[in-house]
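Dear colleague,

Please find the structure below, handed over for your own calculations. My notes on what was found in it follow directly after.

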Amino acid sequence: MRRRLALHLSVLVVGAAVVRVAVVPAEVCPPVTSGEVRAAVDAAAGWLERGVQPSGRYTYGYDRDADVVSPDYNEVRHAGLVMVLYQAFAATSSSEALRAGDAGLQRALGQLLDHGDWIAWAPPGEVTSGGNGLLLAGMAIRRAATGDTTHDGIMRGIGRFLKEMQFPDGSVSSDWREGTGPIDNHSLYSTGETAWALVLMDREFPGEGWGEAAVRTIDYMVSDRDRAEGRFSRLPDHWAAHALADLRSDLRADPRLDYARRLAGYFSIRLRFESQRLGKGINLLVRWYPGTPAGVGTAGEGMGALHRLAVDDPRLSDLAEGIDDRIVCTAGLMVDRQVTPAESADGAHPLLEEGAWFYRGYTQMDDQQHTITALLEALPVLAAREAGR
Amino acid sequence: MSSALLVVAFLAAANPFRSRGSIPEEASGRARLVPVLVGGALLIGSVAALAWWSGPMLRALQITPETFKIAAGFVAVLAGGYAFVVPTPSTEPELAGWRAGVWPVWYPRLFAPEVMALAVTAGTGNGVAASAGAAAVAVGGLLALVPVRGQVARRLVVWLGRILSAALVVVGIWLTIDGIRDV
């Protein structure tokens, strides 16, 4: 009998070990304070601000192993940087962030296409809904934070362009082309970016119908998008989360909140999985390297947006505690992974490393963009916890 | 997990039909009542204990209850699949007298890894009383099978055990999906 007992216990112990290592490794959440998060935001914004070039472009990417600054550029990400710098200014009142954001905005304002009935940002060779959506979102955040109404006419013009890019079913064309207009193609995130920009327009210009336009696209994301665009599973769309979080309260119908609930689940499993990644030993084999900072950041910022929604709408209040746990954990992870001045000191170009997040030796502007937003969303959660609320 | 699903999950995990095939029997072919009572009581107690300690245990292991639910689902799928393929567990040597309720009725027959995993995940989600109650339903099922003997009845029990094994696979898939969707 002892042999049988030993056999059963051995199978139990080995099975438990396999489950522990391969299925549920420890979810490590480094402790973090709001002060540390604020410092991390400042350091990452510093990386972006140092990257402003005379043309209004930003440093795109840096490979520290090869000591090469990437010559690539992506205009949608340019708009994303303008937007996040305004978010940083709105949250921290950093004049450097405002200046850096304005530099990128001025570049974009020099590339406008005035179509008569609408205006679009048209950098050479592209007129995208995603780029215009993020640029408009940034301008709306800037307007709310500064009270500056200088660009109201352009904002309304870009808003009309985004409505032009909406199809009757609420889907959004990815690109506008001279001669054909909105092309019959969708891109992964431009739908959510467009919806969010229209929601923010509604906040800045209430009563002009922007919210109603946004809802057409939100409902497309709620119901048809993933099937219509040929995706096997639901897209964990952080821009959709922003759109839902900032949507006027009277437009928050139950199906839209159910969608928010599903999004919270997608972001949560992504962030829980991320917290299991150590990037070494056996864990490297079963979980691979810690994820791209942009990937972690998008899930973190999506969760942050849903935190605001869960706090604001009692129909989602049951999610608030879990959402807050994920946000705080993500903040701890990303503060821990950020390159400190001491760590960057030995690099070939310390200022291209300090404050950034790298994935296997490479960092890109959107790594900082999404992670900054995630950390900004974590600040009020941490502050509330520190205050015992 | 709803109360109904919790009961189905514990029934499928403890699988009284499958367990009936390998517990101590009298010469007549009936199962011995005292070991079943002892094993059943131990099962209810150990499920309650695991459910009680599930929170501190998962915190010590640095696993969120939502993520552990995925692990419980994984274990349930594997155990259900194995039980479906091997519908009658191998016969174990028995301790004498009522102690046979400890070995092999309680362990390894009833308090199997899938029941342990389920007790932990149900403890965090449904609480101690609900978990122990669901385990008690499974024990009740085993008690109801004590008189079963004869070839036809035994074959029926084996096939019902297979059905519960398949149900355990379904429960495991549900737990995994729910763990993925949980916040």
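The side chains of A:Glu229 and A:Tyr220 are joined by a polar contact of 2.8 Å; a polar contact is a pair of N or O atoms within 3.5 Å, where within protein one must be able to donate a hydrogen and the other to accept it, and residues adjacent in sequence count only if both atoms are side-chain atoms. A second polar contact, of 3.1 Å, joins the side chain of A:Glu229 to that of A:Arg231. This is a predicted model, in which local features need pLDDT of at least 70 and side-chain atom pairs count only at pLDDT 80 or more, while totals for chains, interfaces and linings use all residues. Residues are numbered from 1 along each chain as its sequence is written, chains are lettered from A and ligands numbered from 1 in the order in which they are written, and side-chain values use heavy atoms, with hydrogens and water left out.

A:Glu229 is found in the loop between α9 (225-228) and α10 (238-246) of chain A; helices (H or I, at least four residues) are DSSP runs, numbered from the N terminus. With a relative accessible area of 19%, A:Glu229 is buried, a label that means under 20% relative accessible area, with exposed being over 50% and partly exposed in between (1.4 Å probe, protein chains only). Apart from neighbours within four places in sequence, A:Glu229 is in contact with A:His186, A:Ser187, A:Thr191 and A:Tyr220, contact meaning heavy atoms within 4.5 Å.

The same loop supplies one partner of a salt bridge: A:Asp237, in the loop between α9 and α10, and A:Arg225, in helix α9, are 12 residues apart. Their side chains meet at 2.9 Å, N to O; a salt bridge is a side-chain nitrogen of Lys or Arg within 4 Å of a carboxyl oxygen of Asp or Glu. A:Asp237 is buried, at 0% relative accessibility, and A:Arg225 is likewise buried at 0%.

Over all chains, the count comes to 38 salt bridges. One of them joins the side chains of A:Arg256 and A:Asp219 at 2.7 Å, N to O. A:Arg256 lies in helix α11 and A:Asp219 in helix α8 (residues 210-223), so this pair ties together parts that are 37 residues apart in sequence. A:Arg256 counts as buried at 12% relative accessibility, whereas A:Asp219 is partly exposed at 28%.

Helix α11 of chain A also holds A:Arg261, which is paired with A:Asp318 in the loop between α13 and α14, so that parts 57 residues apart in sequence are tied together. The N to O distance in this salt bridge is 2.9 Å. A:Asp318 counts as exposed, at 52% relative accessibility, and A:Arg261 is partly exposed, at 29%. In addition, a network of salt bridges links A:Arg252, A:Asp254, A:Asp312, A:Asp313 and A:Arg315.

As to covalent links, the count is one disulfide over all chains, a disulfide being a pair of cysteine sulfur atoms within 2.5 Å. It joins A:Cys29 to A:Cys329, with an S to S distance of 2.0 Å. A:Cys29 is in the loop between α1 and α2 (34-50) and A:Cys329 in helix α14, 300 residues apart. The torsion about the S-S bond of A:Cys29 and A:Cys329 is about -80°, so the disulfide is left-handed. A:Cys29 counts as partly exposed at 38% relative accessibility, while A:Cys329 is buried at 8%.

I turn lastly to the interface. The contact takes 26 residues from chain A and 25 residues from chain B. About 2,100 Å² is buried between the two chains, of which carbon and sulfur atoms give 66%; buried area is the accessible area (1.4 Å probe) that two parts lose on being put together, summed over both. On the side of chain A, A:Met1, A:Glu27 and A:Arg272 lose the most area to chain B, together 26% of what that side buries.

Between chain A and chain B the count is one salt bridge, in which the side chains of A:Arg4 and B:Glu92 meet at 2.8 Å, N to O. There are also 14 residue pairs in polar contact between these chains (both at pLDDT 80 or more). The elements giving two or more residues to the side of chain A that touches chain B are α1 (2-23), α11 (254-275) and α14 (320-337). Of these, α1(A) gives the most, with eight residues.

With kind regards
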